[in-house]
Amino acid sequence: MNVYEARLEKCGTLMEAAELDVLLLTKPANMLYLTGDGRLCAYAMVTQDGQVALGVPKTDVEDVGRLAHFDHIVGFEDEVGMIHSIAHHFEHFGIKEGRLGLEHTFLTVSMVGMLTHPHAKPEGVVTVDCTHILSDLRLVKAPEEIERIRRAAKVAEAGMEAAVDAVGAGVTESEVAAEAEYAMRYAGAEDLWRTYVSSGPRTNIAHGLPTLRRLEAGDVVMIDVHPIVDEYSADMCRTVCAGDPSAEQQAAYDLYLEAQQATIAKVREGVEMTELEQTLHGVLEDAGHGEHVFGPPIHGVGIEFEEAPLPAAHAFFHGEKAPPPLPTNVVLAVGNCGLYAGPWGVRVEDTLVIGPEGATMLTEYPRSLT
């Protein structure tokens, strides 16, 4: 049994428990996990007994045929052809009624309309959300997945080193991001999720996309990188100063680092996401910064740089279920939210993997404001 057959077997078990007869997937990360290929303008139909039918642009059939695990494949020329190909696969599998899983948190209303068009979906097939099934399926990482994330973490370190070296008065945020992305490509990244670079007062926003703002002496600079290596991601953020930090900046940074490290110290098999979130927030709140914290501080990492598990409130927002106690080999990023003090903010984020007795750090770039 190859890796995709094993994943499909587990998927079938989860589908049976959820009383789903078939999945119709269009999210690239989910298709990649189950078939080995995840591209836009394509879909995967997965039955409860583990059969896979792929629909891809006609131009891509040969390429997908070399890369993917599937039982049936069809090429289409346009959206109308895509609708008809979905109908063909329903007919091929003999599915005239039952429950169809769709990724509600990924699909737009118009995409749902296409996938459930009367010329595509049999009238007797009803649709339900399957988001949680795919999240459960991808939650625990296999050793080969962790190794890919580890390689992505090393590429993130190369990008961070280049970005930090570029920080200086007169340099634009965009130039800092460019140095990070250039270095990561040369270190082995095949793609990148968005790079965040913000400086000065812009570090007081949640996730600052780089602009043409020029760094000024004494600015704090927040840099967050997310390379993709062999289809898996890592997530790392560092805050540094363009020059000598003020006493207030250094104190805020030291406090945030204390909160992050206290949270990481609690990461082990069986820990609850709620406990981790409360630990990080609690250190900041106890220091009088309860009003200066925004957003969830922890999330999962894998094919996507932000995926399940998510803290309960954030999970609800993303259409996910609140996570159970975390098992070994779940990969987390700790430090997703910052300390937003008013004139500027600070943040430190690292990717790690859960073990029975504690966490193994995957991103090791130095944590220092200077």
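Start by selecting Arg-39 and Asp-63 in this predicted model: their side chains form a salt bridge, with an N to O distance of 3.0 Å. Color the surroundings by secondary structure, and you will see that the pair links distant parts of the chain. Arg-39 sits in the loop between helix H2 (28-35) and strand E2 (43-47), while Asp-63 belongs to helix H3 (residues 61-67), and 24 residues separate the two. If you would like to look for others, a search of the whole structure finds 26 salt bridges.

Next, follow strand E2 into the sheet. What is the order of the strands there? Reading across, you pass E4-E3-E2-E1-E5-E6, which makes an open sheet of 6 strands with mixed pairing. Select 72-76 and 124-129 to show the edges: strand E4 and strand E6 each pair on one side only. Now turn the view to look along the strands; neighbouring ones are turned by 20° against each other on average, ignoring direction.

Stay at the E6 edge and add residues 97-102, which are strand E5. E5 and E6 run parallel to each other as a pair, joined over 6 bridges. For one of the contacts, pick Leu-102 and then Asp-129 in E6, its bridge partner.

For the last stop, switch to a surface view and select Glu-161, Asp-165, Glu-175 and Glu-179. Together these residues form a negative surface patch. Which helices supply the patch? Show helix H7 (143-166) and helix H8 (173-187) underneath: each contributes at least two of its residues. Glu-175, for instance, lies in helix H8.

Definitions and conventions: Residues are numbered from 1 along each chain as its sequence is written. This is a predicted model: local features need pLDDT of at least 70, side-chain atom pairs count only at pLDDT 80 or more; totals for chains, interfaces and linings use all residues. Side-chain values use heavy atoms; hydrogens and water are left out. Two strands pair if DSSP finds at least two bridges between them. Helices (H or I, at least four residues) and strands (E, at least two) are DSSP runs, numbered from the N terminus. Axes are lines fitted to C-alpha atoms, for helices over the stretch in contact, and angles run from 0 to 180 degrees between N-to-C directions. Patches are made of residues with over 30% relative accessible area and no salt bridge: like charges are joined within 9 Å, nonpolar side chains (Val, Leu, Ile, Met, Phe, Trp, Tyr) within 5 Å. Accessible areas come from the Shrake-Rupley method with a 1.4 Å probe; for residues, only the protein chains shown count as cover. A salt bridge is a side-chain nitrogen of Lys or Arg within 4 Å of a carboxyl oxygen of Asp or Glu. Lys and Arg count as positive and Asp and Glu as negative; His and the chain ends are not counted. The place of a charge is taken as NZ of Lys, CZ of Arg, CG of Asp or CD of Glu.
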